[in-house]
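Here is a friendly walk through one structure, from its charged pairs to its nonpolar core. Have the viewer open as you read.

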Amino acid sequence: MRPQGDAARPAGRYRAAVTAHHLRRRLSAVGPWALDALLALAATTAGVLVLASILPLGPQEPRIGAGYALIVAHTLPIAVRRRFPLPVLAWALATGLAFASLGFNLVPLGLSILIYVYSVASRCPRRVSLAGLATTEAMLGLVFLARPKALGDRSTLVVDCVVVAAAWWLGDGTRRRHEAIVAARERAAELEQAREELARRAVVEERLRIARELHDVVAHSMSIIAVQSGVGAHVLGSQPAEAAKALAAIEVTSRQALTEMRRLLGVLRQEAEPSGSLAPSPGLAEVDALAADVARAGARVEVRIEGTRPELPLGLDLSAYRIVQEALTNVVRHAGPATARVRIRYAPDTVDIEVVDDGRGAGTGRGDGHGIAGMRERAALYGGSLDAGPLPGGGFRVAARLPVGEGLSA
């Protein structure tokens, strides 16, 4: 069995740690200025008691009274050492010289001088605190030369100089730790600001993405509605059945456009408002349905799929779908009566998209506006490329290549 004394040691250390923790909390609650005031009173009391213990015998009352007054004048400024470290040190050196000139030993002032040197080193720049240390050491040497009894022998002078230098070293270490803490806090504030800036940029980029989504939805749907409404108005009197088909296509297209716009605008709502539609974003799997919508607008669309469709990331799948949608919308809007051929080729590391039509090519304004620029932005967002331009024999071609796999994840 372990001895009882050994078993009691951990409990004793625990109680000592708890006591020290409570003491630190009480001291921090008092405040630095109150602590300095208490420290000044303690240093004054200690100096007076030490002087009383070493007073020489004899009727020298005026000198003794001046000594006590100088102790009080020397130690009480400890209460303002944090606010005025350099003036307080200068005052302490002056009163110390006056005290030594009366023939007293500097022992009663030793603690307060160390406090003043520590305060200057902990609160002033290093070059200033080094100047204060050098002045204090020079004062000790001057006192030893003028009044040797004020310090004792040379070994005592050396010890006093080393102790003063140690007080400066402790104060300088405190200053460096404080500067490191301040620098760490500033760095943390800068990192937080950078994080907020990144969040703001993400919001801006998301709003730009939503703007492109809305442009694609509105441009595609409105183009189909405009064409169908024109057809319906043209055949309303002569072919009522065709007019009814056009109105039905307008109804379907407008409902789809409204549904998708609600989904896109849902991300702009506040948390307290109802959430938007949870319908999945469209992708290349819906190209056939898209071609059917465009066909109802009067353009013939042929879709050709090559390769096996892999599991694509949602964002890339949506961007690829929007490129096809924008290209077909431009066919309806600019090509006139035309046939559009959509070819999608799935490779292990890329998705190739090509939309070619045989309608009007050059001179139709298809290379202007936000449509082509939006498609290029979508392709570039995933590290891809997009070429768009008229064909030599007539018609227009849009070709995009989007990387997948390792190229995308990088």
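Let us begin with Glu302, which is partly exposed because its relative accessibility is 29%. Keep in mind that the model is predicted. The side chain of Glu302 meets that of Arg300 in a salt bridge, with 3.2 Å from N to O. Arg300, for its part, counts as exposed at 53% relative accessibility.

**Salt bridges**

How many salt bridges does the structure hold? The count is 18. Three of them are set out here, each with its N to O distance.

| Pair | N to O distance |
|---|---|
| Glu302 and Arg300 | 3.2 Å |
| Arg304 and Glu306 | 3.1 Å |
| Glu354 and Arg343 | 3.5 Å |

In the second row, Arg304 is exposed, with a relative accessible area of 52%. The third row deserves a look of its own, as the closest N and O atoms of Glu354 and Arg343 are 3.5 Å apart. This pair links distant parts of the chain, with Glu354 in strand 3 and Arg343 in strand 2, eleven residues apart. Is Glu354 buried or exposed? Its relative accessible area is 19%, and the cut-off for buried is under 20%, so Glu354 is buried. Arg343 counts as partly exposed, because its relative accessibility is 25%. Elsewhere, salt bridges that share partners join Arg126, Asp172, Arg175, Arg176 and Glu179 into one network.

**The nonpolar core**

Now turn to the inside of the model. The largest nonpolar core has 36 residues, and those with the most contacts inside it are Leu284, Val324, Leu328, Val342 and Val351. Which elements give two or more residues to this core? They are helix 9, helix 10 (314-335), strand 2 (339-346), strand 3 (350-357), helix 11 (370-381) and strand 5 (396-403). Helix 10 supplies the largest share, nine residues. Strands 2 and 3 will be familiar from the salt bridge between Arg343 and Glu354.

**Helix 9 and its buried face**

Helix 9 spans residues 287-296, and Val287, Leu290, Ala291, Asp293 and Val294 are buried in it. Seen down the helix axis, these buried residues fall within an arc of 160 degrees, so they line one face of helix 9. Asp293 is a charged name in that list, and it counts as buried because its relative accessibility is 11%. The C-alpha atoms of Asp293 and Ile224 are separated by 7.9 Å, although the two residues are 69 apart along the chain. After helix 9 comes Gly298, whose phi is positive, near 115 degrees.

**A nonpolar patch on the surface**

Nonpolar side chains also appear on the outside. Leu38, Leu41, Val72 and Leu76 form a nonpolar patch on the surface, and together they have about 340 Å² of accessible area. Leu38 sits in helix 2 (residues 32-54). With 54% relative accessibility against a cut-off of over 50%, Leu38 counts as exposed.

**Cysteines**

A last check concerns sulfur. A disulfide is a covalent bond between the sulfur atoms of two cysteines. How many disulfides are there in this model? The count comes to zero, with 2.5 Å as the cut-off between sulfur atoms. Among the cysteines, Cys124 counts as buried at 8% relative accessibility, whereas Cys161 is partly exposed, with a relative accessible area of 21%.

Note on methods: Residues numbered from 1 in each chain as written. Predicted model: local features only at pLDDT ≥ 70, side-chain atom pairs only at ≥ 80, totals over all residues. Heavy atoms only, no water. Buried < 20%, exposed > 50% of the residue type's maximum accessible area, 1.4 Å probe, protein only. Helix = DSSP H or I, 4+ residues; strand = E, 2+ residues; numbered from the N terminus. Arc of directions from axis to C-beta. Patch = residues over 30% accessible without salt bridge, like charges linked within 9 Å, V, L, I, M, F, W, Y side chains within 5 Å. Areas by Shrake-Rupley, 256 points an atom, 1.4 Å probe, with all protein chains shown as cover. Salt bridge = Lys/Arg side-chain N within 4 Å of Asp/Glu carboxyl O. Core = buried A, V, L, I, M, F, W, Y, C linked by side-chain atoms within 4.5 Å.
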